[in-house]
Amino acid sequence: MVAFLDILGFSRLVENADDPKWRTAIEGVLKTMRGTLAPNQAFDLRLSQFSDCIVISAPIEPYSVNLVMTGSLILADNLLQRAVLLRGGIAVGNLIHTDDVMFGPGMLTAYRGDTAGGPPRISIDETLKDEIASWHNDFGLEALMRTDPYDLTLALHTLHDYQLYTPEPHVGKAVLDGVAATLAQQIAWQCYGAGHSPSVRAKWLWMERYWNETVGFKNILPPTTQYASEFLAALKQ
């Protein structure tokens, strides 16, 4: 299997790299990426990074697939906390992947998930869904996929942990209340306060809808509504 991931907005960071603030942002994004994903020889998981793109490959077997899917999910979450969006695709297909060479039909299929101008999501090829469904035990991987109501594209459910979150404490359980409040405020700011171009703002509006659909129905973690109202009111002053 192959995952192709594209860090959105990275080119703009590079264009402004003469500014120390932007250089710090670039370093932070790259540090986040390298701290989240790493090769794993035991499971033949390979990783290559060039410019704003990341390619991950692994055999089609439960643990390797889990590493790719959960690693992509965690990276998307970690970057979102830095106000950076991730887009791409995960697919089944052959790939020659070494330190010097990287090509194959699997790469092309995964790359097609990175649709120019498309929503900031990681699409999943239907063949991977069918493969996982054929396993006697899906190891919770089917729960990491969702159908995007935007256009019915199958995608990685990068907000899975926020959707399932409950406030009851358990040993080893991450407390997401503070992180979720920060993310809700940040998403609202990117939508209504940051002054983005229409194309960039459209991506954040997609993320806002996804966030509110995911956390809103339980009424545990905050939606963006409160913060959006504050930013919109400030714009009218």
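Helices here are DSSP runs of H or I of at least four residues, numbered from the N terminus, and with that convention the tour of this predicted model can open at valine 179, whose place is in helix H7, residues 177-192.

**First stop: valine 179**

Select valine 179 and show its surroundings: with residues up to four places away in sequence set aside, valine 179 touches Gln81 and Tyr162. If you then draw a distance between the C-alpha atoms of valine 179 and tyrosine 162, which stand 17 residues apart along the chain, the viewer should give 9.9 Å. Valine 179 is partly exposed, its relative accessible area being 29%.

**Second stop: the largest nonpolar core**

Now select Ile7 and Met69, which touch the most other members of the largest nonpolar core, a set of 32 residues. To colour the elements that supply two or more residues to this core, take the strands S1 (2-7), S3 (53-57), S4 (86-91), S7 (122-124) and S9 (153-156), together with the helices H2 (20-36), H3 (62-80) and H5 (126-133). Helix H3 provides the largest share of the core, namely seven residues. Apart from this core lies another one, made of 24 residues, among them Ala184, Val215, Leu221 and Ala228. As background to both selections, nonpolar side chains tend to be buried together in soluble globular proteins.

Return to isoleucine 7 and display its contacts: beyond its neighbours within four places in sequence, isoleucine 7 is in contact with Val29, Met33, Asp52, Ile54, Leu79, Val84, Leu85 and Leu86.

**Third stop: arginine 146 and its salt-bridge network**

Select arginine 146 in strand S8, residues 145-148. Is this residue buried or exposed? Arginine 146 counts as buried, because its relative accessibility of 15% falls under the 20% limit for that class. Its contacts, leaving aside neighbours within four places in sequence, are Thr153, Leu154, Ala155, His157, Tyr210 and Glu213.

Within that list, Glu213 deserves a separate selection, since the side chains of glutamate 213 and arginine 146 meet in a salt bridge with an N to O distance of 3.7 Å. Glutamate 213 lies in helix H8 (residues 198-215) and arginine 146 in strand S8, so this pair ties together parts of the chain that are 67 residues apart in sequence. Glutamate 213, at 38% relative accessibility, counts as partly exposed. Widening the selection, you will find Arg121, Arg146, Asp148, Asp151, Arg209 and Glu213 joined into one network by salt bridges that share partners.

Another pair from this network is aspartate 151 with arginine 121, a salt bridge in which the closest N and O atoms are 2.9 Å apart. Aspartate 151 sits in the loop between S8 and S9, whereas arginine 121 sits in the loop between helix H4 (105-111) and S7, so that the pair links distant parts of the chain, 30 residues apart. Here aspartate 151 is partly exposed at 37% relative accessibility, while arginine 121 is buried at 12%.

**Fourth stop: a salt bridge between aspartate 44 and arginine 46**

How many salt bridges does a search of the whole structure find? The search finds seven, and one to inspect next joins aspartate 44 to arginine 46, with the closest N and O atoms 3.2 Å apart. Both partners are partly exposed, aspartate 44 at 37% relative accessibility and arginine 46 at 38%.

**Fifth stop: helix H8**

Select H8 as a whole and compare its length with expectation: at 1.5 Å a residue its 18 residues should span 26 Å, and the C-alpha atoms at its ends are 25 Å apart, which agrees. Within H8, the buried residues to highlight are Lys203, Trp204, Trp206, Met207, Glu208, Tyr210, Trp211, Thr214 and Val215.

**Last stop: the surface and two loops**

On the surface, select Ile96, Val101 and Phe103, a nonpolar patch with about 260 Å² of accessible area together; phenylalanine 103 is found in strand S6, residues 102-103.

Finally, check the backbone angles of two residues that are not glycines. Alanine 83, in the loop between H3 and S4, has a positive phi of about 65° and is partly exposed, with a relative accessible area of 25%. Asparagine 219, in the loop between H8 and helix H9 (225-236), has a positive phi of about 60° and counts as exposed at 67% relative accessibility.

Key:
Residues are numbered from 1 along each chain as its sequence is written. This is a predicted model: local features need pLDDT of at least 70, side-chain atom pairs count only at pLDDT 80 or more; totals for chains, interfaces and linings use all residues. Side-chain values use heavy atoms; hydrogens and water are left out. Buried means under 20% relative accessible area, exposed over 50%, partly exposed in between (1.4 Å probe, protein chains only). Contact means heavy atoms within 4.5 Å. A nonpolar core is a set of buried Ala, Val, Leu, Ile, Met, Phe, Trp, Tyr and Cys residues joined through side-chain atoms within 4.5 Å. A salt bridge is a side-chain nitrogen of Lys or Arg within 4 Å of a carboxyl oxygen of Asp or Glu. Patches are made of residues with over 30% relative accessible area and no salt bridge: like charges are joined within 9 Å, nonpolar side chains (Val, Leu, Ile, Met, Phe, Trp, Tyr) within 5 Å. Accessible areas come from the Shrake-Rupley method with a 1.4 Å probe; for residues, only the protein chains shown count as cover. The expected span of a helix is 1.5 Å times one less than its number of residues.
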